[in-house]
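User: I'm new to reading structures and keep tripping over the labels. Could you walk me through why each one gets used?

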Amino acid sequence: MTAVQRCPGCGQTISGTERFCPACGHRLHSHQDNLSPAINTTIPLVPAHNSRMAIASLICGVMTWILFFIPLLLAIPAVICGHLGHSAVKRGNGAVTGKGIALIGMVLGYAHLVLTVLAFCVLIVIVFGTNL
């Protein structure tokens with residue numbers, strides 16, 4: 001069974017599967033023009049990978065707590081790499097993962113910085129408190 005359609009340009013009746021009107025050349029719309037693609041193009045076709053900055057943040061954050069005697073050497077890079085990794089995940093549109101890894105690295109770095117500042121304040125109070 002062939003579909004009968006009318007040309008929107010000239011109004012001529014056309015039967016068959018023509019894509020263009022034989023009288024005026026106007027493009028004809030068929031039901032096949034409205035089909036969606038077979039592949040969902042909104043899903044990225046490359047596999048997602050973890051942000052290298054997020055991984056570096058986690059490594060620096062963990063090593064800060066293992067090597068406790070070097071407080072600022074690894075805590076500051078953990079915080080900086082964590083922020084860079086977090087922004088890379090946001091910009092990655094699903095192709096870059098590791099938001100949680102970056103967050104853990106940032107939390108470990110910030111916690112170590114806060115404890116270092118508190119320890120430094122306590123040390124100052126102890127040293128100057130005995131000399132009063």
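Analyst: Sure, let's start with a cysteine. Cysteine 60 has a relative accessible area of 15%. Buried means under 20%, exposed over 50%, and partly exposed in between, with a 1.4 Å probe and protein chains only, so cysteine 60 counts as buried. Bear in mind that this is a predicted model, where local features need pLDDT of at least 70, side-chain atom pairs count only at pLDDT 80 or more, and totals for chains, interfaces and linings use all residues. Residues are numbered from 1 along each chain as its sequence is written, and side-chain values use heavy atoms, with hydrogens and water left out.

User: Why is cysteine 24 called partly exposed?

Analyst: Cysteine 24 has 41% relative accessibility. Partly exposed is the range between the buried and exposed cut-offs, so that label fits cysteine 24.

User: How many disulfides does a search of the whole structure find?

Analyst: Zero. A disulfide needs a pair of cysteine sulfur atoms within 2.5 Å. For cysteine 60, the nearest cysteine sulfur belongs to cysteine 81 and is 5.5 Å away, so cysteine 60 is in no disulfide.

User: Why is valine 96 called buried?

Analyst: Valine 96 comes out at 16% relative accessibility, so it counts as buried. Valine 96 lies in strand 4 (residues 96-97); helices (H or I, at least four residues) and strands (E, at least two) are DSSP runs, numbered from the N terminus.

User: What makes leucine 103 partly exposed?

Analyst: Its relative accessible area of 48%. Leucine 103 sits in helix 3. Leucine 103 and leucine 58 are 45 residues apart in sequence, yet 8.3 Å apart in space, C-alpha to C-alpha.

User: How does the reach of helix 3 (residues 99-130) fit what is expected?

Analyst: Helix 3 has 32 residues and reaches 47 Å from its first C-alpha to its last, close to the expected 46 Å. The expected span is 1.5 Å times one less than the number of residues.

User: Which residues of helix 3 are buried?

Analyst: Ala102, Gly105, Met106, Gly109 and His112.

User: How confident is the predictor across the chain?

Analyst: pLDDT is the predictor's confidence in each residue, from 0 to 100. The chain averages 83, and 83% of the residues score at least 70. Confidence is lowest in strand 1 (residues 4-6), with a mean of 75, and highest in helix 1 (residues 52-66), at 94.
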